[in-house]
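Please open the structure in your viewer and keep the sequence panel visible. This tour proceeds by selecting residues and considering what lies around each of them.

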Amino acid sequence: MPNRVTISANQSIGGLFVELEQTGSLEAALAAGVRLACEEGGCPAGALVADITAAGPGRYWFRHDPHGLLGDAALDCTSPADPAQSEQNRDRGPVCTAALPYMVRVPLCCADQDAGRLILLAPPEASEETLKTRIAGIGAALAVLMAAAENRAANPLSGILSRAAFRARIASELSRSQRCDDELCVLHMRVTYGHGDTRSEMTEPWRGVASLGETLAGRLRKSDVVGLLGPDHLAVLLTGTGRLGARIAARRIEQLLRKPENDRHDRLIAPPEFCLRVFPDDTSDADELCRAPHWRFETVVPADSAVRSK
């Protein structure tokens with residue numbers, strides 16, 4: 001006799017794509033997928049993280065969180081309470097107790113490409129392995145939908161690349177820079193659109209940052225490339241450019257963002273955050289160039305051509 005959990009999960013997955021077919025809305029399907037994953041796993045809350053280099057309540061998308069648990073920093077734990085690990089966890093901040101749910105991060109992969117993470121708050125008595133097994137099908141469906149949302153926003157004809165295409169382009173340019181003994185820089189930029197927590201609701205991810213990317217692509221050199229690394233994470237590959245040149249480029253981009261005509265869809269509610277990754281000074285690895293390990297708040301210095309870090 002078929003497993004009841006499997007039947008339930010399959011019905012949920014089928015309903016997900018039926019809803020997508022009927023509404024034509026990836027956003028509605030993604031929101032429904034998070035809710036169904038919570039229901040199948042018996043989890044009180046869940047959300048999607050599209051930018052895998054950043055996490056936290058401010059980066060959650062399509063959250064299903066009726067009790068507001070995802071905003072509680074005390075729940076940021078990755079495993080159930082285990083007395084044998086208490087000594088190891090003592091120096092890591094808050095330690096989960098048997099009374100609290102714990103956080104599970106489920107990788108979402110589509111065709112061997114990282115599409116993001118599904119964040120679930122699991123009941124304290126639940127096994128992480130069992131939970132991941134129960135929602136495996138829904139996770140696979142969410143990965144496809146996440147990849148589709150990203151690819152819809154990318155527009156190679158406008159010079160806007162998806163994460164996979166951007167990484168491939170960086171690898172190619174890195175090989176050329178190594179042969180020519182030339183510099184190369186990736187300017188990472190994180191922007192915040194909307195008001196309050198509205199970014200977490202059922203809105204279209206990638207839209208604002210893709211629009212901004214198209215604006216920038218039309219003002220960059222032909223050799224420069226714009227990549228979408230997250231719904232609020234944009235990166236610009238600056239060929240033949242070192243750290244100073246990239247800082248000047250960051251200043252010009254910030255000035256451009258101050259122009260009202262470039263705020264097409266949403267209002268920027270905070271200054272952009274920048275991070276520079278330079279070859280060969282910082283790294284010679286393509287994946288590391290795509291990663292923004294430390295965001296810095298950088299502002300324009302009116303009387304100077306540099307960008308000042310706070």
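**Salt bridges, stop by stop**

Begin by selecting D282, which is partly exposed in this predicted model, at 31% relative accessibility. Next, add R243 to the selection: this residue is also partly exposed, with a relative accessible area of 28%. The two side chains form a salt bridge, with a distance of 2.9 Å from N to O. This pair connects distant parts of the chain, 39 residues apart: D282 sits in the loop between β9 (273–279) and α9 (286–289), while R243 belongs to helix α8 (residues 243–257).

Now select R35 and E39. Both are found in helix α2 (residues 26–41), 4 residues apart, which is about one turn of the helix. They are joined by a salt bridge whose closest N and O atoms are 3.1 Å apart. R35 is partly exposed at 32% relative accessibility, and E39 is partly exposed at 49%.

Proceed to D224 and R221. Is D224 buried or exposed? D224 counts as buried because its relative accessibility is 11%, under the 20% cut-off. Its salt-bridge partner is R221, with the closest N and O atoms 2.7 Å apart; R221 is partly exposed at 40%.

Finally, select R169 in helix α6 (residues 163–180). R169 is partly exposed, at 31% relative accessible area. Beyond its neighbours within four places in sequence, R169 contacts L161, S223, V225 and L237. Select A286 as well: its C-alpha atom lies 9.3 Å from that of R169, although the two residues are 117 residues apart along the chain.

Terms used
Residues are numbered from 1 along each chain as its sequence is written. This is a predicted model: local features need pLDDT of at least 70, side-chain atom pairs count only at pLDDT 80 or more; totals for chains, interfaces and linings use all residues. Side-chain values use heavy atoms; hydrogens and water are left out. Helices (H or I, at least four residues) and strands (E, at least two) are DSSP runs, numbered from the N terminus. Buried means under 20% relative accessible area, exposed over 50%, partly exposed in between (1.4 Å probe, protein chains only). Contact means heavy atoms within 4.5 Å. A salt bridge is a side-chain nitrogen of Lys or Arg within 4 Å of a carboxyl oxygen of Asp or Glu.
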